[in-house]
Amino acid sequence: MAERIALKMVLPGMLVLVLLLAAGCTGTGSGEPGTVTTTATPPVTTIVGESPTPEPPVTGTTPVESMTPEPPVTETTAVESVAEVLIRNFAFEPASLTISAGTTVIWTNEDSAPHQVASDPHPAHTDLPELVSDTLSSGDSYRFTFVKTGTYGYHCHLHPTMKGTIVVEE
Ligand SMILES: [Cu+2]
């Protein structure tokens, strides 16, 4: 009984040994590495240093600024502050007008007689020499933009008793 058991255990072990030896022999016979050590990498890296390629100028990005979208149309320039003075019955209406700087005053002659707007004092018109109109026939208008703050007296150069005042505030 005991011998059979021993044989059963020995036989498989022998087979394993034989298989291992066979595999070892065939393996070492074909797997021997040859002279493959000739893979000497040439020093190609030195060439890169000899030709320093200059970086191309990055000009492609700057023109992007021309692609800025159009700003929203703020109608600040189109809007003009205007005030009106009527010349009627040989008088300015209103006789005194208060405006903000940058406002344009428009005088309109509604009389049948001609009038002429001019800065004080008569007849030199030296307070605001730019403020002087042509002779305004009936229906004609004269416009003047007051830029600086101050109080500006004016009159009708043809009828100097006709007087008016423009007060310009900030
Ligand atoms: Cu005058």
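1. Let's start with the parallel pair. Strand β1 (residues 82-87) and strand β4 (residues 103-109) run parallel and are joined by six bridges. If you want one position to click on, take Glu 84: its bridge partner in β4 is Ile 106. Keep in mind throughout that this is a predicted model.

2. β1 also has a partner on the antiparallel side of the ledger. Two bridges tie β1 to strand β2 (residues 92-93), and these two strands run antiparallel. Ile 87 of β1 has Phe 92 as its bridge partner in β2. As a reminder, strands of a sheet pair through backbone hydrogen bonds, either parallel or antiparallel.

3. The turn between those two strands deserves a look. The hairpin of β1 and β2 has four residues between the strands, and Asn 89 takes a positive phi there, near 55 degrees. Phe 90 is found in the loop between β1 and β2 too, and its phi is near 60 degrees, again positive in a residue other than glycine. I'd flag both on a Ramachandran plot, as most residues other than glycine have a negative phi, and most peptide bonds are trans.

4. Are those two loop residues buried or exposed? Asn 89 counts as exposed because it has 9 C-beta neighbours inside 10 Å, and the cut-off for that class is 12 or fewer. Phe 90 has 13 such neighbours inside 10 Å, so it counts as partly exposed.

5. Now the open sheet. Four strands make it up, in the order β3-β8-β7-β5, and the pairing is mixed. β3 (96-100) and β5 (117-119) stand at the edges; each has a single partner strand, so one side of each is left without a neighbour in the sheet. From one strand to the next, the twist averages 30 degrees.

6. One edge of that sheet can be followed in more detail. β5 is joined to strand β7 (residues 150-156) by three bridges, and the two run antiparallel. Ala 118 stands opposite His 155 in β7, which gives you a handy pair for checking the register by eye.

7. What lies in the loop between β5 and β6 (141-146)? Pro 121 does, and the peptide bond leading into it from Asp 120 is cis, with omega near -10 degrees. Pro 123 is found in the loop between β5 and β6 as well. A cis peptide bond joins His 122 to Pro 123, with omega about 0 degrees. If your setup scripts touch omega, here are the bonds to look at: Asp 120 to Pro 121, and His 122 to Pro 123.

8. Stepping back to the whole chain: the secondary structure comes to two helices and eight strands. How are they arranged along the sequence? The pattern reads α-α-β-β-β-β-β-β-β-β, with both helices ahead of the strands.

9. Last, two numbers for the chain overall. It has 170 residues, and 12% of them count as buried; the class calls for 20 or more other C-beta atoms within 10 Å. As for contacts with a separation of 6 or more, 50% of them come from residues 24 or more positions apart.

Note on methods. Residues numbered from 1 in each chain as written. Predicted model: local features only at pLDDT ≥ 70, side-chain atom pairs only at ≥ 80, totals over all residues. Pairing = 2+ DSSP bridges. Axes fitted to C-alpha atoms, helices over the stretch in contact; angles between N-to-C directions. Contact = placed C-beta atoms within 7 Å.
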